[in-house]
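Hi,

Here is the structure I promised to pass on. Have a look at it first, and then read my notes below.

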Amino acid sequence: KFLNIFKLLLICFALYIAYKGQIDFTQHRVNEAIIKYLIAGAIFIITFPIYSIKEQEYKIPLYLEILYLVIIMLVGFYLRVYELNIRPFGLENDEAGGMVSVVKNFWVGQHPIYAYVSELSYKIFGYNRIGLRAQGVMMGMIAIPAMYFALRSVFNVRIAMIVTIIFTFLRWNLHYSRSGHGTILMIVAETLAIYFILKAIQKRDKLTYFMAGLTTGLCWYGLLTGWLVIIMPVAYFAAKELTSKDFLKKNMIGIIVFSLGFWVFASQHIHNFFISKNIYFKRIGEVSVFGQVGLERQSNPAIGIVENTKNVLLMFNHIGDNRQRNSGGQPYEPTIDFVSSMFFAIGFIYSIYYSRYYLFFILIMLFFSQASGSIFSIEAPSAMRAIGTMIPVIFFIAITVDKIWIAIRRVVRMKLEKIVFPILIAIPLFFIVNDNYSQYFKRWVGGFDELATAAGMYSEKLGKSYRIYLYTSLYYPG
């Protein structure tokens with residue numbers, strides 16, 4: 001018992017160091033912050049090495065789990081519909097552009113499935129601001145239980161409960177769950193993909209392999225970085241073949257079934273690619289470090305990639321996106337809240353160290369594949385182009401929360417677990433929930449084309465008998 005108490009004290013000390021590191025980040029002392037986080041991560045690694053046997057825990061009754069899901073869904077729904085018509089007031093240009101594409105029936109590109117979600121939303125709510133944003137609400141609501149069960153399958157019910165609350169309130173997620181931007185489909189598809197991929201690795205049955213391939217293919221209908229989600233399972237298969245004799249031979253049927261599931265969705269894009277490459281890659285020349293614009297800004301793309309990688313890795317704790325439309329925050333504000341950023345950084349370091357184990361390997365592969373959307377962009381860090389990192393970020397947070405909980409329960413034992421668990425939820429979640437709620441609902445975040453939106457609404461009121469000439473002093477390329 002003395003050793004368990006000592007480990008708990010070490011974890012508390014590591015969290016204190018991480019707290020001081022995050023304070024350093026807020027004061028732009030980046031090198032000092034990184035050193036402190038490395039120390040905190042090392043303490044977690046030493047204190048809790050990987051064990052193959054799961055600890056016995058007090059089982060939460062099924063009715064409490066169902067009650068929790070009902071409550072978190074109701075809370076999530078409220079967060080996604082409260083002041084939906086006015087917060088934000090402006091219709092961001094990609095939202096409006098997507099609406100025009102659907103209304104005018106010339107939707108093209110890599111998001112055709114989302115066009116059907118849009119059509120459903122407009123059929124129910126009409127062609128208005130609510131109809132536009134309700135599609136994000138629908139997808140955002142699906143993401144909540146998807147994330148809960150993904151976390152539950154990897155960790156346990158308690159960790160899934162805690163971290164799903166963080167996911168539900170996370171400003172970054174909430175922003176896209178209240179938007180008409182098709183990016184939200186990426187969050188849903190990627191959450192389902194990681195759930196079924198990890199399940200397939202554990203169960204190795206044909207149905208789960210098929211669903212893993214199917215949901216990986218579904219990621220191709222989100223942002224273009226969704227195409228890179230396939231790297232995660234392929235890299236795992238390749239690594240296992242190198243480290244385990246005859247892995248591919250023993251799992252060939254499962255891999256074939258995975259490929260068939262993947263082909264269901266991916267085949268349409270592969271077909272369209274050979275019809276017109278511009279459907280998918282036209283914007284690369286405009287926003288990539290390899291494009292003409294990128295070369296003008298950075299004569300050596302390699303230097304730009306290195307700098308962008310640093311910026312993307314720091315966007316969660318230090319300086320985030322400078323454009324409000326990409327994360328729902330103020331310019332240069334960290335992409336996630338103070339406490340969550342502490343948990344993320346520790347879990348990220350822990351996962352890199354233990355990346356020889358399949359869970360951590362997959363999370364790291366997924367993180368960097370999705371970060372590439374911002375790493376290879378001239379706009380790094382971009383919380384929108386790197387939206388796919390949100391899912392591994394949530395899992396990194398869960399890893400840290402899991403280790404904290406193990407340290408506590410080894411000291412309090414199972415008898416006191418029912419008393420300690422609610423307290424464990426309440427203390428960190430109070431700060432996380434309050435921070436995210438305040439950032440989104442208790443302040444005004446500009447930068448969402450408010451003036452253009454107001455001009456459009458006024459023009460509509462004037463009617464079709466008026467001819468409107470609108471001149472703007474700002475130009476947004478894209």
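Searching the whole of this predicted model for aromatic pairs turns up 36 of them. One of these is the pair of Phe-344 and Phe-396, which is tilted, with 6.1 Å from centre to centre and 50° between the planes. This pair ties together distant parts of the chain: Phe-344 belongs to helix α18 (residues 338-353) and Phe-396 to helix α20 (residues 390-412), 52 residues apart. Both Phe-344 and Phe-396 are buried. They also belong to one aromatic cluster, whose other members are Trp-172, Phe-316, Phe-348, Phe-367 and Phe-368.

Rings turn up next to charges as well. The charged end of Lys-7 sits over the ring of Phe-48, 5.9 Å from its centre. Arg-129 does something similar with Phe-89, lying over the face of the ring at 5.0 Å from the ring centre.

Now for the overall picture. The protein has 22 helices and zero strands. Of its 478 residues, 54% are buried. If you take the contacts with a separation of 6 or more, 77% of them involve residues 24 or more positions apart.

Two of the helices are worth a look. Helix α2 (residues 30-47) has 18 residues, and at 1.5 Å a residue it should span 26 Å; its end C-alpha atoms are 26 Å apart, so the two values agree. Its buried residues include Val-30, Ala-33, Tyr-37, Phe-44 and Ile-45. What do the buried residues of α2 pack against? The partners are α1 (2-26), α17 (301-314), α18 and α20, and those last two are the helices that hold Phe-344 and Phe-396.

The other one is helix α9 (residues 184-203). From its first C-alpha to its last, α9 reaches 29 Å over 20 residues, close to the 28 Å expected. Helix α9 is mostly covered, with 15 of its 20 residues buried. Just after α9 comes Arg-204, which takes a positive phi of about 60°.

I also spent some time on Gln-370, which you will find in helix α19 (residues 358-375). Is Gln-370 buried or exposed? It counts as buried because its relative accessible area is 0%, under the 20% cut-off. Its side chain has polar partners, though. It reaches the backbone oxygen of Thr-225 at 3.0 Å, and a polar contact of 3.3 Å joins it to the side chain of Ser-369. Leaving aside neighbours within four places in sequence, Gln-370 is in contact with a list of residues that includes Met-186, Glu-190, Gly-226, Leu-228, Arg-385 and Thr-389.

Last, the cysteines. How many disulfides does the structure hold? The count is zero. Cys-219 is buried, with a relative accessible area of 0%. Cys-12 has a relative accessibility of 44%, so it counts as partly exposed.

If you want a place to start, try the pair of Phe-344 and Phe-396, and then go on to Gln-370 in α19.

Cheers

Notes: Residues numbered from 1 in each chain as written. Predicted model: local features only at pLDDT ≥ 70, side-chain atom pairs only at ≥ 80, totals over all residues. Heavy atoms only, no water. Helix = DSSP H or I, 4+ residues; strand = E, 2+ residues; numbered from the N terminus. Buried < 20%, exposed > 50% of the residue type's maximum accessible area, 1.4 Å probe, protein only. Polar contact = N/O pair within 3.5 Å; in protein donor to acceptor, adjacent residues only side chain to side chain. Contact = heavy atoms within 4.5 Å. Phe/Tyr/Trp six-rings, centres within 6.5 Å; stacked < 30°, edge-to-face > 60°. Lys NZ or Arg CZ within 6 Å of the ring centre and 35° of its normal. Disulfide = S-S within 2.5 Å. Expected span 1.5 Å × (residues − 1).
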